[in-house]
Amino acid sequence: KTGKYHKAITPTMAFWAALLCVVARAQQQALNLDMKGYMPDATSYCYEKLIADPLCCKDQRIPLSVRHVEIEREGAEWNCDSGIECNDDSKGPRGHDLLWWPPGSDCKTPRVLFVHGGGWQHHGPKEAAYDVFAAKLSQVSGAVIMVPDYLLVPLGNFMSITESLLKAWDYLATHGPAGDDCSAASPPPMFVAGDSSGAASALSMLLRLRHQGLPAASGFFAFSPWMNLACDSPTYYSNAFSLVDDASGKVMDGDILFRGQPKNVSSSLRQLALKYFQGDATRLKDPLYSPFHATEEQLDELPPIYLAVSGSEVLTGDSMIFAQRAAVRGVRVYISMFPGMWHGFPQYIEGCGSGTELWQGTTALSHAGDFVSQITSYLRSRPNLHRLPQSGEKTPRTNVYYPNPEGAKPWSFVGELNLGLVSQVMPPEAVAPPPPPSKSFRAQALRSFSDDDQNSELSLVPPRALPKDVVIDCPQDTMTGAVMSGMLLGSLCMVGCLTGAAWYLSRRAHGELPDFCPDFLQHPLENYKSEVRS
């Protein structure tokens, strides 16, 4: 950015940057041109946006009916400052949890401890749209949702994170909506949940609960969980990103967020896990902290499980193999698989800004709500029962939801998750009244905040742009400006060069070059072989 060439290089660089944006945009359109015959428009739109920027497009609208409060637990505070090694974008004092609850909640309302993802190095209760996700989860489940702001790696590690989650669970067992003290009442049904790397830590905490003297969990559910920290599940290869190129064009297949050779993707994720384990490679298959490798005795202790997973991401195998191992031990396991989706897709139910609902994300989130509400209803009908009996099925209940072409009917019925608790366990005379109407987002539109909203507390959470510090992208809304600016500056540069060359040739032909011109410019042919010219 210094020196005599700065003014000349800047327009040229702008021109080439704009040209690259145009080429990238054209490639994106060509890559997704053939999806519309197989996928809904919202899916195609999300593909296009995520290919350009894998960090974009998460949901931004919080349901106005859900309340929240920031919790400051003693001993949970920590700092993420620029002067220390903290990789997250949210700097300053940290350790403040967020608690969300729906209308009408009290000390009898079920509670969920949700552990956010981010590879243990990023995000928090307010970052990466986890506040939006927790609010929607509270709405569909009718539960109090607590999202702890645990100590991130490298300040924290697998031990400190699990310990902090146990303390958060202890707090949640005695506190209800708004952080009210509910210690005088017996704990309601409580659930552990998480997504991505957060699901691994949540499951590790769950495996330790029985030995800590803390209330047991009534269930565990997760979205796109990362459970095998050794990163050698078979879908790292079978679901690897691929580019199909033939005479008719190019299309992408596989995991669109983890794009790379299978060994490279496994290695990258394994490095994150090693940072979590402080470099101890023996922990990658630790039955407690890499729960994919849990022992049969540990699996026997697990409550019912619900997993929502993409059928196209590299982590699919983590969920499927773990679910099969747990089901064999008698654990009730329910799986919703969505081919064509990507990692963490339930956070994109607003359709990546397309204006059309991503029904796969809606279904996954609604099924998590069904999981919580049905188990809660069953346990409430049996006051002396604190946990569901084990299942005799020995296989996971798996529903696969394939994407349908835009305008076509779904390939299969998409309804609420049915845990089968009434038909399997409850006698007909003990059937509880039917649950309230489905809390699906199809029946309950979500509104974004506006200036005339009367809910002043929730309106303090504005829509915001997500960090883009990992990927160099060419956003669609800036494409026109980049192209026009690059073309204008490039044209001016070209005109300037041609004008200077014309002036020089004209002056030299008439012998009118100024005296300050070097000798080799005055007589170029005569000085061609001289040292000055060279």
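Asp280 counts as partly exposed, with a relative accessibility of 29%, a class that falls between buried (under 20% relative accessible area) and exposed (over 50%), as judged with a 1.4 Å probe and protein chains only. The side chain of Asp280 meets that of Arg283 in a salt bridge, at 3.7 Å from N to O, where a salt bridge is a side-chain nitrogen of Lys or Arg within 4 Å of a carboxyl oxygen of Asp or Glu. Arg283 is partly exposed, with a relative accessible area of 25%. The model is predicted, and local features therefore need pLDDT of at least 70, side-chain atom pairs count only at pLDDT 80 or more, and totals for chains, interfaces and linings use all residues. Residues are numbered from 1 along each chain as its sequence is written, and side-chain values use heavy atoms, with hydrogens and water left out.

**Overall make-up**

- The protein has 13 helices and 13 strands, which are DSSP runs numbered from the N terminus (H or I of at least four residues for helices, E of at least two for strands).
- Of the 534 residues in the protein, 50% are buried, and the protein exposes about 25,600 Å², of which carbon and sulfur atoms supply 57%; accessible areas come from the Shrake-Rupley method with a 1.4 Å probe, and for residues only the protein chains shown count as cover.
- Among contacts (heavy atoms within 4.5 Å) between residues at least 6 apart in sequence, 77% join residues at least 24 apart.

**Salt bridges**

- The count of salt bridges comes to 15, and one network of them links Asp59, Arg61, Lys136 and Glu350.
- Asp97 and Arg73 are joined by a salt bridge, at 2.5 Å from N to O. Asp97 belongs to strand 4 (residues 97-101) and Arg73 to the loop between strand 1 (67-71) and strand 2 (78-80), so this pair ties together parts that are 24 residues apart in sequence.
- Both partners of that bridge have low accessibility values: Asp97 is buried at 0%, and Arg73 is buried at 12%.
- Lys285 and Asp232 also form a salt bridge, with their closest N and O atoms 3.8 Å apart. Because Lys285 lies in the loop between helix 7 (262-276) and helix 8 (296-300), and Asp232 in the loop between strand 8 (219-223) and helix 6 (235-238), the pair ties together parts that are 53 residues apart in sequence.
- Asp232 is partly exposed, with a relative accessible area of 44%.

**A buried acid without a partner**

- Asp195, which is placed in strand 7 (residues 190-195), is buried yet has no salt bridge, the nearest side chain of opposite charge being that of Lys58 at 6.1 Å; here Lys and Arg count as positive and Asp and Glu as negative, while His and the chain ends are not counted.
- Apart from neighbours within four places in sequence, Asp195 is in contact with Phe114, Val115, His116, Gly117, Tyr130, Phe223, Ser224 and Gln347.

**Covered helices**

- Helix 3 (residues 130-141) reaches 16 Å from its first C-alpha to its last over 12 residues, close to the 16 Å expected at 1.5 Å a residue; the expected span of a helix is 1.5 Å times one less than its number of residues.
- In helix 3, 12 of its 12 residues are buried, among them Tyr130 and Lys136, and the buried residues pack against strand 4, strand 5 (111-115), strand 6 (144-147), strand 7, strand 8 and helix 10.
- Gly142, which follows helix 3, has a positive phi, near 70°.
- Helix 5 (residues 197-209) has 13 residues, should span 18 Å, and has end C-alpha atoms 19 Å apart, which agrees; helix 5 is mostly covered, with 13 of its 13 residues buried.
- Helix 10 (residues 359-380) has 22 residues, for which a span of 32 Å is expected, and its end C-alpha atoms are 31 Å apart, which agrees. Since 19 of the 22 residues of helix 10 are buried, the helix is largely enclosed by the rest of the structure.

**Surface patch and a distant pair**

- Val400, Tyr402 and Trp411 form a nonpolar patch on the surface, with about 360 Å² of accessible area together. Patches are made of residues with over 30% relative accessible area and no salt bridge, with like charges joined within 9 Å and nonpolar side chains (Val, Leu, Ile, Met, Phe, Trp, Tyr) within 5 Å.
- Trp411 is found in the loop between strand 13 (397-400) and helix 11 (421-424), and counts as exposed at 61% relative accessibility.
- Met159 lies in helix 4 (residues 158-174) and is partly exposed, with a relative accessible area of 34%. The C-alpha atoms of Met159 and Tyr276 are separated by 9.0 Å, although the two are 117 residues apart along the chain.
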